[in-house]
Amino acid sequence: MSYTKGEWKIGQRETGADGLFVYGKDSDDIALVYDIDTGEGQEDEGSGNAHLIAAAPDMYEALKYSAELIKVARQYFPKSIKTSDRFTLENTCATIGKALA
């Protein structure tokens with residue numbers, strides 16, 4: 001599986017579409033995120049969702065790095081690694097797999 005690598009950014013396009021665009025380094029559109037009205041007195045969630053999507057490549061790389069660190073720690077410090085660390089590694093690897101599905 002492949003995805004648009006690199007830094008993703010948030011902006012608006014002059015296409016008449018309401019919402020924020022998430023785009024890649026070559027200005028390729030990744031997603032159009034619409035504002036979601038969450039009710040009276042609430043801020044729209046569109047901006048938060050756009051920021052979360054834009055952070056996806058960085059989060060993916062951080063998860064991969066974390067999984068490798070946990071594996072190395074297990075190898076060199078087996079007595080220090082507890083059951084909860086195993087659970088964390090499994091969750092991290094499952095999340096990486098979900099991102100690539």
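Start with helices α1 and α2, which pack at an angle of about 45° with their axes 5 Å apart. That angle makes α1 oblique to α2. You are looking at a predicted model.

**Stop 1: where α1 meets α2**

Select Leu-52, Ile-53 and Ala-54 in α1. Add Ala-56, Pro-57 and Met-59 from α2; the two groups meet here. Colour the contact by residue class: 6 nonpolar residues appear, with no polar and no charged ones.

**Stop 2: the whole chain**

Zoom out. The protein has 3 helices and 3 strands. Read from the N terminus, the order is β-β-β-α-α-α. Of its 101 residues, 19% count as buried. Now consider contacts between residues at least 6 apart in sequence: 30% of them join residues at least 24 apart.

**Stop 3: the largest core**

Select Trp-8, Leu-20, Val-22, Val-33, Ala-50 and Ala-54 as sticks. These 6 residues form the largest nonpolar core. Which elements each supply at least two of its residues? They are β2 (20-23) and α1 (46-54). Ala-54 is worth a second look, as it belongs to this core and also to the α1 side of the contact with α2.

Stay with the core and centre on Trp-8. Leave aside its neighbours within four places in sequence. Trp-8 then has contacts with Tyr-3, Val-22, Tyr-23, Gly-24 and Ile-30, among others. The list also includes Ile-53, Ala-54, Ala-56 and Pro-57. Show Ile-53 and Ala-54 in α1 together with Ala-56 and Pro-57 in α2; Trp-8 touches each of these four.

**Stop 4: the second core**

A second core, separate from the largest one, has 5 residues. Select Tyr-60, Ile-70, Leu-89 and Ile-96, which are among them.

**Stop 5: Thr-92**

Go next to helix α3 (residues 83-100) and pick Thr-92. Is this residue buried or exposed? Thr-92 counts as buried, because its relative accessibility is 7%, below the 20% cut-off. Show its surroundings, skipping residues up to four places away in sequence. Thr-92 touches Leu-63 and Ala-67.

**Stop 6: the salt bridge**

How many salt bridges does a search of the whole structure find? There is 1. To see it, select Glu-61 and Lys-64, whose side chains meet at 3.7 Å, N to O. Side chains of opposite charge can pair when their charged atoms come close. Both residues sit in helix α2 (residues 56-76). They are separated by about one helical turn, because they are 3 residues apart in that helix. Turn on the surface and check each partner. Glu-61 is partly exposed, at 38% relative accessibility. Lys-64 is also partly exposed, with a relative accessible area of 33%.

**Stop 7: the loop after β2**

Finish at Asp-28, in the loop between β2 and β3 (29-33). Asp-28 is partly exposed, with a relative accessible area of 43%. Where does this loop residue make contact, once residues up to four places away in sequence are set aside? Asp-28 touches Val-22 and Tyr-23. Both of those residues are also contacts of Trp-8, and Val-22 is part of the largest core. Last, draw a distance from Asp-28 to Thr-4. The two are 24 residues apart in sequence. In space they are 8.5 Å apart, C-alpha to C-alpha.

Terms used: Residues are numbered from 1 along each chain as its sequence is written. This is a predicted model: local features need pLDDT of at least 70, side-chain atom pairs count only at pLDDT 80 or more; totals for chains, interfaces and linings use all residues. Side-chain values use heavy atoms; hydrogens and water are left out. A nonpolar core is a set of buried Ala, Val, Leu, Ile, Met, Phe, Trp, Tyr and Cys residues joined through side-chain atoms within 4.5 Å. Buried means under 20% relative accessible area, exposed over 50%, partly exposed in between (1.4 Å probe, protein chains only). Helices (H or I, at least four residues) and strands (E, at least two) are DSSP runs, numbered from the N terminus. Contact means heavy atoms within 4.5 Å. A salt bridge is a side-chain nitrogen of Lys or Arg within 4 Å of a carboxyl oxygen of Asp or Glu. Axes are lines fitted to C-alpha atoms, for helices over the stretch in contact, and angles run from 0 to 180 degrees between N-to-C directions. Angles under 35 degrees count as roughly parallel, over 145 as roughly antiparallel, 65 to 115 as roughly perpendicular and the rest as oblique. Ala, Val, Leu, Ile, Met, Phe, Trp, Tyr, Cys and Pro count as nonpolar, Asp, Glu, Lys and Arg as charged, and the others, Gly among them, as polar.
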